[in-house]
Amino acid sequence: MGGVSEGDRAGRGFEHPAAFWLGTLACSVGVLLHLPMYYSARDMGYRMAGMHPDVSMVVGMALILLGLPLVLYGVLPRRSGEIKLLAAGIRVRPLDEAPLQARHIVLLAVMTIAITIDVMKPATLSFIAPGVAHEYHLLPADKHSHTPVAWLPLFGIAGTVLGSWLWGSLGDRIGRRSSILFAGVLFVSTSICGTMPSFGWNLFMCFLMGIGAGGMLPVAFALLSETMPARHRGWALVLIGGDVAGAYLLVSWLSARLTPHYSWRILWLIGLPTGLLLIALNRWVPESPRYLLSRGRTAEAEAVMARYGARAEQIPADDDGPDGAVAADRGSILEIVRRPLIGASTAIALLGAGVGLVTFGFQQWVPTNIQHLGYTAVASDYVVRNAALIGLPLTVLSAWMYGVWGSRRTIIAFCLATAAALAGFVVAGNSLAHDRLLLSLLLVVPLSGTSSLAALAAGYAAEVYPTRIRTRGTGLAAGMTKLGGVLILGVVVARSAVPSIAQTAVIGAVPLAAAMLAFWRVGAETKGLGLEVITGEEPVAVA
């Protein structure tokens, strides 16, 4: 069907392959040229603060600045704005009766790895903060400084907020597969954050890293919503999205093993091999059939839909449903705050903000606050690692509950459990300094349960929004999560002090309670329903 080979599809995944690969090579070589200066600081414990860039680093920066525009040109098709408008009139949905096959499992595995690589970026901010504060003499390490280390995560998370919105629009213009490829190149390029000698350059590179990391989740979820069989869609989205806990576990383990020998900088430099891995894995990522159809590549779209069990439908121009008014307003961001979507958007926004406040208010400062309780840096990393490891099954539990118990009740239950665990930190207070076991057990739900809530929010958004604004809807969930982080980190910067573990627990528990009430009042149940039923779309077969 269609007569298009897998190799042909891979080769035509973007408009100008030569420009893409040349740009990728330039970025990779540019990163490698930063390493000699990093290695030259080995006798100083890889402390590079105050060093001046050498010739190799300057040439490397020039190559990256040349390579990134080439990569973007390579994936940006002609008439991208027109393609976006055409795509808005098409929806692709998996067949209800389609079986779960090996190709679906492979795609799930690849997307799980991609999400893990993506989430490792913001998760790293928690573990490098103490080292950055010491090297650059920042608060709270240097009490005489006027600059808090919280500026670093604030710049990073601000970048992810911008990325969440930018990538939602970019995915419709260049395709979801190409979006993931470009994100991989950004991960490679921004790994040079680990070699920046000044704190100011660290802030700038961290912001760029955030832009790259902010869009992976909504793009991946939108792609899976078009390719996963309807009966398995919900739990699959939650399972891969919940791998945030796996990323946190991996970063905590890498921090404990590597930073004592290679400093905090090594955690950023890992972005080079992981970014290249993400690019390599794109061989097993199909392009969005909706994007292919909008470009007139019908044979390729039919081949992808046949492999994954999906079909395309044309949205009529006079449709009055949630996907209606196509000719007048295709894919407008305003649609997610209009009836009938305003209730779902409000609940998703509250949940996203609550998750962000827990992630970047509580989790962000867990390693720092544990050290304030009297633990060493390595011991605090292992406490976090053990808690994340114990809580990893919560990800599987949330996926099972989502598929069997229902989306609405699962979200309410996890909000309640996470808020209750955070309340435990308020009650225990500084007594946790003498009870390592209790500390680890209390950390289990906030570390793993919060990642499951983030996945539940994104998975729920991927189900309740119509096709043409689905990427924007999942972007709302991801963007509100990051916005909550920006708010709490802004408060930390303004106060020039890291809040205590009890204070961050309160900050996280209150919005989760509000989100729980919102889903109880206005949250719609999606269990067992097809996307067209949930969104109110009326199928119109493509001729």
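Ser263 counts as buried because its relative accessibility is 9%, and this serine has a positive phi of about 70° although it is not a glycine. The structure discussed here is a predicted model, and the points below gather its backbone exceptions, its cysteines, one buried serine within a helix and one nonpolar patch on the surface.

**Backbone geometry in the loops**

- Most residues other than glycine have a negative phi, and most peptide bonds are trans.
- Ser263, with its positive phi of about 70°, is found in the loop that runs between α12 (244–262) and α13 (265–269).
- Tyr46 also has a positive phi, of about 60°, although it is not a glycine, and this tyrosine is found in the loop between α3 (35–40) and α4 (55–75).
- Tyr46 counts as buried because its relative accessibility is 9%, which is under the 20% limit used for that class.
- The peptide bond that leads from Leu139 to Pro140 is cis, with omega near 10°, and Pro140 has its place in the loop between α6 (102–135) and α7 (151–174).

**Cysteines**

- The structure holds zero disulfides.
- Cys206 is in no disulfide, and the nearest cysteine sulfur, which belongs to Cys193, is 5.2 Å away, whereas a disulfide would require the two sulfur atoms to be within 2.5 Å.
- Cys206 counts as buried, since its relative accessibility is 0%.
- Cys415 is buried as well, with a relative accessible area of 1%.

**A buried serine in helix α22**

- Ser448 has its place in helix α22, which covers residues 436–464, and this serine counts as buried because its relative accessibility is 0%.
- Leaving aside residues up to four places away in sequence, Ser448 touches Ala245, Ala387, Ala388, Gly391, Leu392 and Leu394.
- One of these contacts, Ala245, falls within the range given for α12 (244–262), the helix that precedes the loop in which Ser263 is found.

**A nonpolar patch on the surface**

- Leu397, Trp400, Val404 and Trp405 make a nonpolar surface patch of about 400 Å².
- Val404, a member of this patch, lies in helix α20, which is made up of residues 393–404.
- Val404 counts as partly exposed because its relative accessibility is 42%, a value that lies between the 20% limit for buried residues and the 50% limit for exposed ones.

Technical notes
Residues are numbered from 1 along each chain as its sequence is written. This is a predicted model: local features need pLDDT of at least 70, side-chain atom pairs count only at pLDDT 80 or more; totals for chains, interfaces and linings use all residues. Side-chain values use heavy atoms; hydrogens and water are left out. Helices (H or I, at least four residues) and strands (E, at least two) are DSSP runs, numbered from the N terminus. Buried means under 20% relative accessible area, exposed over 50%, partly exposed in between (1.4 Å probe, protein chains only). Patches are made of residues with over 30% relative accessible area and no salt bridge: like charges are joined within 9 Å, nonpolar side chains (Val, Leu, Ile, Met, Phe, Trp, Tyr) within 5 Å. Accessible areas come from the Shrake-Rupley method with a 1.4 Å probe; for residues, only the protein chains shown count as cover. A salt bridge is a side-chain nitrogen of Lys or Arg within 4 Å of a carboxyl oxygen of Asp or Glu. Contact means heavy atoms within 4.5 Å.
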